[in-house]
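Please look through the sequence and the model first. The paragraphs below then take the reader from one helix to the core, the ligand and a few individual residues.

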Amino acid sequence: MRTPFVAGNWKMNKTVAEARDLVFKMSMQLREIAGVEKVLCPPFTSLVAVSALLEGTDIGLGAQNMYWEEKGAFTGEVSPPMVKEFCRYVILGHSERRAYFGETDQTVNRKLISAQTFDLTPIVCVGETLDEYESSRTREVVARQTSQSLRDVDPAFAPRIVVAYEPVWAIGTGKASTADNANAVVKDIIRPALAELFGAETAQAIRVLYGGSVTAANAAEYFSQPDIDGALVGGASLKIDEFAAIVKAASK
Ligand code: PEP
């Protein structure tokens, strides 16, 4: 049995004061929802404040990115031990990182190996662009991203990894993938790639989320799919009632 998992990716939104206000109100609703692993991923600048507010709750905290080196002359970067001071989770290889900041399967893999070293639970994002989708390259792209981004991981660490299937054409566009299509990609492309890396049993143990325009209105459809174990939520994770409703749908 895979425990449902819902993470909110705030992206580049909220000052510290705004984050405090949002988490104070949101945590009151979220902490009452059992049977689902729930994680908030605010910007780096709000991690300290949000971690204080989440102390003593069952709501986890995650970073949206990190660098792979432990320390040194890497201006503007944030290291795994810095993330680990406040977070148990880290999002890696989000499509916005891949599209705007030059991340590749190779750099995502280095970060993943570093997450393993520093005992952080990674949420690794994969997904095809609109162009790749329209030219029927979903299988090729998602299989490659999965096997390259997750290569050389210790099989003992593999069940800790959370994979998020996020078709780029569905992120922030309001054009969500159908639940059937998302489940088919996870079942026929992502889990077989995971099985090749870690064996069939581990592939069945790894949580795979869907992400891309998930809302309170469509979340339950995804969560009723046998191969989808939760969601990575962007825009809707900034709205208290909306995000709480998505988390609640995953807990059923
Ligand atoms: C995301 O940022 O990972 C995401 C899925 O965004 P949205 O829910 O806004 O599409």
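**From a covered helix to the ligand site**

The buried residues of helix α2 are covered by elements that include α1 (16–30), β2 (37–41) and β3 (59–63). Helix α2 itself spans residues 47–54, and its buried positions are Leu 47, Ala 49, Val 50, Ser 51 and Leu 54. Just after α2 comes Gly 56, with a positive phi of about 80°. This is a predicted model, and the values that follow are computed from it.

The next topic is the nonpolar interior. The largest nonpolar core contains 65 residues, and the ones with the most contacts inside it are Val 6, Leu 30, Val 163, Ile 190, Leu 194 and Phe 223. Helix α8 (residues 179–198) gives the largest share of this core, namely eight residues. Val 6 shows how such a position is surrounded. Leaving out residues up to four places away in sequence, Val 6 touches a set that includes Val 36, Val 39, Phe 223, Val 233, Phe 243, Ile 246 and Val 247. Glu 37 and Lys 38 are also among the residues that Val 6 touches. A second core, separate from the largest one, has 12 residues, including Ala 7, Ile 91, Val 162 and Leu 209.

How many disulfides does the structure hold? The number is zero. For Cys 41, the nearest cysteine sulfur belongs to Cys 87 and is 7.6 Å away. A disulfide requires the two sulfur atoms to be within 2.5 Å, and Cys 41 is in none. Cys 41 is buried, because its relative accessible area is 0%. Cys 125 is likewise in no disulfide; the nearest cysteine sulfur to it is that of Cys 41, at 9.4 Å. With a relative accessibility of 1%, Cys 125 also counts as buried.

Now turn to the ligand. It has 14 residues around it, of which Lys 11, Glu 166, Gly 172, Ser 213 and Gly 234 come nearest. Two side chains supply polar atoms close to ligand oxygen atoms: an N or O atom of the Lys 11 side chain is 2.8 Å from a ligand oxygen, and one in the Glu 166 side chain is 2.7 Å from a ligand oxygen. The backbone takes part as well, with a polar backbone atom of Gly 235 lying 2.8 Å from an oxygen atom of the ligand. Taken alone, the ligand would expose 290 Å², and the protein buries 96% of that area.

Ser 213, one of the residues that come nearest to the ligand, has a backbone feature to note. Its phi is positive, at about 55°, although Ser 213 is not a glycine. Ser 213 sits in the loop between β7 (207–211) and α10 (219–223). Is Ser 213 buried or exposed? It counts as buried, because its relative accessible area is 18% and the cut-off for buried is under 20%. Asp 152 is another non-glycine residue with a positive phi, here about 65°. Asp 152 also lies in a loop, the one between α7 (138–149) and β6 (162–165). Asp 152 is exposed, however, with a relative accessible area of 59%.

Helix α7 also holds Arg 139. Leaving aside neighbours within four places in sequence, Arg 139 is in contact with Asp 188 and Ile 189. A polar atom of the Arg 139 side chain lies 3.3 Å from the backbone oxygen of Asp 188. Between Arg 139 and Tyr 165 there are 12 Å in space, C-alpha to C-alpha, and the two are 26 residues apart in sequence.

Two further helix residues complete the tour. Asp 105 lies in helix α5 (residues 105–117) and is buried, with a relative accessible area of 6%. Which side chain makes a polar contact with that of Asp 105? The partner is Arg 144, at 2.8 Å. Beyond residues up to four places away in sequence, Asp 105 touches Arg 98, Arg 144, Gln 145, Gln 148 and Ser 149. Ser 95 lies in helix α4 (residues 95–100). Ser 95 is buried too, with a relative accessible area of 12%. Neighbours within four places in sequence aside, Ser 95 is in contact with Val 168 and Ile 171.

Terms used. Residues are numbered from 1 along each chain as its sequence is written. This is a predicted model: local features need pLDDT of at least 70, side-chain atom pairs count only at pLDDT 80 or more; totals for chains, interfaces and linings use all residues. Side-chain values use heavy atoms; hydrogens and water are left out. Buried means under 20% relative accessible area, exposed over 50%, partly exposed in between (1.4 Å probe, protein chains only). Helices (H or I, at least four residues) and strands (E, at least two) are DSSP runs, numbered from the N terminus. A polar contact is a pair of N or O atoms within 3.5 Å; within protein, one must be able to donate a hydrogen and the other to accept it, and residues adjacent in sequence count only if both atoms are side-chain atoms. Contact means heavy atoms within 4.5 Å. A nonpolar core is a set of buried Ala, Val, Leu, Ile, Met, Phe, Trp, Tyr and Cys residues joined through side-chain atoms within 4.5 Å. A residue is near a molecule or strand if one of its heavy atoms lies within 4 Å of it. Accessible areas come from the Shrake-Rupley method with a 1.4 Å probe; for residues, only the protein chains shown count as cover.
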